Amino acid sequence: MSIKVPEHIAIIMDGNGRWAKERNLPRSAGHYQGTDNVRNIAIKANEMGVKVLTLYAFSTENWKRPIEEVNYLMGLPAIFINKFLKELMEKGIKIESIGDLSAFPDSTRKVLLEAMEKTKNNNNMTLVFAMNYGGRKDIVDGINRYLEDYTSGKVTEKMTEEMFNGYLSTAKYPEIDLMIRTSLDYRLSNFLLWQLSYAELYFTATHWPDFTPEEFEKAVTDFASRSRRFGGLNEN
Ligand code: V0D
């Protein structure tokens, strides 16, 4: 029997620092290793038929980290793109982003915007990087955009849940089916708050650099069996 593959998966890629500490390496080594793993999991997700993979690369809270660490993180998009853009093109993977890019250094923003431009006609999976993203900010920004539309008369209806989806940064993506968090913290940490309302949640103790394509497949298979048990009447 073929399994029902989730259309949209979101991941909190936690544990790079802990992975490094356990090996007496600097935190940057964990982030570097984590960047390679973004490639491994994205390739696997694409092969499995996932349509959208949203990764929490940088939260609005991450600015509070030591300056050296923030600076190192700012260089990761370039490292990733230089290493893997060719492969993303070959596999038809498109890069997009959510979150407020205006706070990033010009060089980081440029790398991201160029990668988005180069991959925009790729049509297999969309790899969405949540960068300087916060779930509450997404909701409040959506409210303010609605307020503009309402006061300008562009919209006359009261708000509904359906309409509100359209005011979020994720408006064009399908509903999130599965959220994975590595490194065993049971928190949402201000990730996609509204969007995760109905998602299955998968938590694992594995640190992000050690989270293999095989374990990713297991998370997806678990999702498929849970949605068969709790889903509608038409499956089993
Ligand atoms: C660090 C683990 C890929 C979590 C993964 C700016 C935190 C590695 C990117 C990336 C980060 C972003 C945009 C893009 C291509 C790649 C990335 C950041 C952190 C913060 F177009 N990994 N990655 N960006 N980490």
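Helices and strands are here DSSP runs, helices of at least four residues and strands of at least two, numbered from the N terminus. The close-up views below are taken from a predicted model.

**View 1. Surroundings of D14, in the loop between β1 and α1.** Strand β1 covers residues 8-12 and helix α1 covers residues 16-22, with D14 placed in the loop between them. The relative accessible area of D14 is 18%, and D14 is therefore classed as buried, the cut-off being under 20%. Two polar contacts involve the side chain of D14: one with the side chain of R18, at 3.3 Å, and one with the side chain of R181, at 2.9 Å. When neighbours within four places in sequence are set aside, the residues in contact with D14 are R181, T182, S183, D185, H207 and W208. R181 thus appears both among these contacts and as a polar partner of the D14 side chain.

**View 2. Helix α2 beside helix α3.** Helix α2 is formed by residues 27-48 and helix α3 by residues 67-74. Their axes come within 10 Å and cross at roughly 20°. Because angles under 35 degrees count as roughly parallel, α2 is described as roughly parallel to α3. The crossing of α2 past α3 is right-handed. On the α2 side, R27, S28, H31 and Y32 take part in the meeting, and on the α3 side, E69, Y72 and L73 do so. Sorted by class, this contact has three nonpolar, two polar and two charged residues.

**View 3. Helix α4 beside helix α5.** In this pair, α4 spans residues 76-91 and α5 spans residues 106-119. The two axes come within 10 Å and cross at roughly 5°, so α4 is roughly parallel to α5. P77, A78, I81, L85 and M89 of α4 meet T108, V111, A115, K118 and T119 of α5. By class, the contact has seven nonpolar, two polar and one charged residues.

**View 4. N122, in the loop between α5 and β4.** Strand β4 comprises residues 126-133, and N122 lies in the loop that separates α5 from this strand. N122 has a relative accessibility of 10% and therefore counts as buried. Its side chain reaches the backbone oxygen of I93 at 2.8 Å. Beyond neighbours within four places in sequence, N122 is in contact with L88, M89, G92, I93 and K94. One of these residues, M89, also belongs to the part of α4 that meets α5.

**View 5. E175, in the loop between α7 and β5.** Helix α7 consists of residues 161-165 and strand β5 of residues 178-181, and E175 is placed in the loop between them. E175 is partly exposed, at a relative accessible area of 45%. Neighbours within four places in sequence aside, its contacts are H8, Q195 and Y198. R109 is 66 residues from E175 in sequence, and the C-alpha atoms of these two residues are 27 Å apart in space.

**View 6. Positive phi values at S189 and N190.** Most residues other than glycine have a negative phi. S189, however, has a positive phi, near 50°, and N190, which is not a glycine, has a positive phi of about 60°. S189 is in the loop between β5 and β6, the latter being residues 200-203, and N190 is likewise in the loop between β5 and β6. S189 is partly exposed, with a relative accessible area of 32%, whereas N190 counts as buried at 19% relative accessibility.

Methods:
Residues numbered from 1 in each chain as written. Predicted model: local features only at pLDDT ≥ 70, side-chain atom pairs only at ≥ 80, totals over all residues. Heavy atoms only, no water. Buried < 20%, exposed > 50% of the residue type's maximum accessible area, 1.4 Å probe, protein only. Polar contact = N/O pair within 3.5 Å; in protein donor to acceptor, adjacent residues only side chain to side chain. Contact = heavy atoms within 4.5 Å. Axes fitted to C-alpha atoms, helices over the stretch in contact; angles between N-to-C directions. Parallel < 35°, antiparallel > 145°, perpendicular 65-115°, else oblique. Left-handed = near helix turned anticlockwise from the far one by under 90°. Nonpolar A, V, L, I, M, F, W, Y, C, P; charged D, E, K, R; others polar.
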